[in-house]
Every structure is written in structure tokens, then in C-alpha cells.
Amino acid sequence: MIIQCKQVNKFFGDLHVLKGIDLEIKKGEFFVLLGPSGCGKSTLLYMMAGFDKPTSGSVEVLGQSDIKPSKKVGFVFQDFALFPWKTVLGNVTAGLLDKSKTERRDIAMHFIEKVGLTGFEHSFPHTLSGGMKQRVSIARALAYEPEILLMDEPFGALDAQTRKKMQQELIRILREMNKTIVFVTHSVLEAVYLADRVAVLSNRPSSIVYQVKIEIDGERHYTDEKYLHYRENILHYLNQFTGVKE
């Protein structure tokens, strides 16, 4: 397994956020953490990135339990986290300082093209739409070729039309690159559309109350019978353990 969580508990002072989390994520899997706002999804993701530590239990990534932020694990934030004083090209090359100037540019231009932003490499973030900013974030995370990509509600701030387009683009890119993805969302529709496997978290203190493998061949459509079946099953557990309805 490329990621393992064993009996993970997390407290912030007296607040018990995560309770007894057990997870195993396979190499090449698109794994979605689904649950209500404030249930600890992002906290668990931060532990996988090395930004935080469990209070008890263990998180192991790429065979290491003493996790520190590294280029083997990319991270895409919900709020884009771009450098406003840098162009698109400058943002994408920001993590490539160990490369020569020519290599940095070549790598960055490759991923700028891959996310569909050719022609915008000299634009600054304030001139870009929300969807374009998130494309820059994804290109930057992919540019140093991580083995794992962690994504914290990356499309949560986008309008419905842009969000759907970004989901389609993400699937296209990842099919080409075969990365392991851990993706946080509170949207059942998004989870079933993207995931190979979904884990549903309860309210705090959060535990995993349901896991399901999404077995749908070919392109997924919101109106397909199988898609609706998975959606209803997941909604049942969300409603039972969190009171969330969608």
C-alpha cells in the first residue's frame, strides 16, 4: 500500500476530531474522502502531506511513518495558494529550483500545455478566472512529478459549469499520468464521478462509516443507473451518520 493509516486519532486541545481511522490506499488509485464540513477530512490529508501529525496512531506514506513535506507528494489547495507577484510560468516553476533555468521552463511549459493554459504563461493570477487559477495550481503540483497528489476540495470555490469542466480535465490528465490521488470533497456527485473508491466520514469525532469501490466502466454520467445506485448508497450512510442530504 502506498498510504496506510492505522488507528489515527487527532485532538485539537479538548476537541476530538478524528477517531480510530484505518485506511489503506493502493498505488494508482483515485481515492476520495467524503464527509460534512468540519469532520476532519482536510486534517487527515494534511497528515498524509506531513503538514500535521496524529495525536495517536500512525500515518505511513511511501513506506515512511516520519512524514515530512517532500516533492514525492504534491498538494493542491482549495484557495489556489498562488504567488500573486509571479506569472503563470513563475508559479509553475516555483518548485523546480533544483533544475536549470532551461529545464524549469521546459517542464513548466509542458504542464501548462497539459492543463490547457498555453498562451497564458505570462499572465498574473489576478487576471485569471477561478478555474484557470486552479489549473495553475494543478500544473505546479504536477511539475515536480510527485508519486502522490493530495487535493483538498480543489473545485469547491468554482461555479457548477466550471467545476464539471475541471473534473473532466482532471480525469483526462490523470489517465495520462497514472498518479495516486487522495481527493477531499463534501459532494456525493463529485465523489462518484471521480473516484475508484470512496470513504465516508461521520461527524466529529470522525470515523469511517462506509467504504465503497466505484465500478463503472467508461465515462460516467449523472443519470446512469449504476451512478445513481452508488449515489443513493453513499447518501444513505451520510444521512444516517451525519444528517447530510444532497
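Is L82 buried or exposed? The exercises below lead to this and other points.

The model is a predicted one, in which local features need pLDDT of at least 70 and side-chain atom pairs count only at pLDDT 80 or more, while totals for chains, interfaces and linings use all residues. Residues are numbered from 1 along each chain as its sequence is written, and side-chain values use heavy atoms, with hydrogens and water left out.

**Exercise 1. Place L82 and state its burial.**

Step 1. L82 sits in the loop between β5 (73-76) and α2 (88-92). Helices (H or I, at least four residues) and strands (E, at least two) are DSSP runs, numbered from the N terminus.

Step 2. The relative accessible area of L82 is 15%, so L82 is buried. Buried means under 20% relative accessible area, exposed means over 50%, and partly exposed lies in between (1.4 Å probe, protein chains only).

Step 3. With neighbours within four places in sequence left aside, L82 is in contact with N91, P125, K133, V136, S137 and R140. Contact means heavy atoms within 4.5 Å.

Step 4. H126 is 44 residues from L82 along the chain, and their C-alpha atoms are separated by 10.0 Å.

**Exercise 2. Describe the chain as a whole.**

Step 1. The chain has seven helices and nine strands.

Step 2. Its radius of gyration is 18 Å, close to the 18 Å that the globule rule gives for 246 residues, so the chain is as compact as a globular protein of that length. The radius is taken over C-alpha atoms, and the rule is 2.2 Å times the number of residues to the power 0.38.

Step 3. The C-alpha trace spans about 50 × 45 × 30 Å along its principal axes.

Step 4. Of the 246 residues, 50% count as buried. Among contacts between residues at least 6 apart in sequence, 67% join residues at least 24 apart.

Step 5. There are 32 positive and 29 negative side chains, and the centres of the two sets lie 3 Å apart. Lys and Arg count as positive and Asp and Glu as negative; His and the chain ends are not counted. The place of a charge is taken as NZ of Lys, CZ of Arg, CG of Asp or CD of Glu.

**Exercise 3. State how far helix α1 is enclosed.**

Step 1. Helix α1 covers residues 41-49, and seven of its nine residues are buried, so α1 is largely enclosed by the rest of the structure.

Step 2. The buried residues are K41, T43, L44, L45, M47, M48 and A49.

Step 3. G50, just after α1, takes a positive phi of about 90°.

**Exercise 4. Find the nonpolar cores and follow F183 to E190.**

Step 1. The largest nonpolar core has 53 residues, of which L34, F183, V198 and I234 touch the most other members. Such a core is a set of buried Ala, Val, Leu, Ile, Met, Phe, Trp, Tyr and Cys residues joined through side-chain atoms within 4.5 Å.

Step 2. Helix α4 (residues 130-143) gives the largest share of this core, seven residues.

Step 3. A second, separate core of 28 residues includes C39, L44, V61 and A199.

Step 4. Not counting residues up to four places away in sequence, F183 touches residues including F30, F31, M151, F155 and E190.

Step 5. E190 belongs to helix α6 (residues 188-194). With a relative accessible area of 2%, E190 is buried. Beyond four places in sequence, E190 touches F155, R163, Q167, F183 and T185.

**Exercise 5. Locate the backbone features at Q7, E153 and P205.**

Step 1. Q7 is found in strand β1 (residues 3-12). Its phi is near 50°, a positive value in a residue other than glycine. Q7 is partly exposed, at 45% relative accessible area.

Step 2. E153 is in the loop between β6 (148-152) and α5 (160-177). Although E153 is not a glycine, its phi is positive, about 45°. E153 counts as buried at 13% relative accessibility.

Step 3. R204 and P205 are joined by a cis peptide bond with omega about -10°. P205 lies in the loop between β8 (197-201) and β9 (208-213).

**Exercise 6. Which residues does G28 contact beyond four places in sequence?**

Step 1. G28 lies in the loop between β2 (15-25) and β3 (30-34), and is partly exposed at 29% relative accessible area.

Step 2. Its contacts are N178, K179, T180 and D196.

Step 3. G28 and N178 are 150 residues apart along the chain, with C-alpha atoms separated by 5.8 Å.
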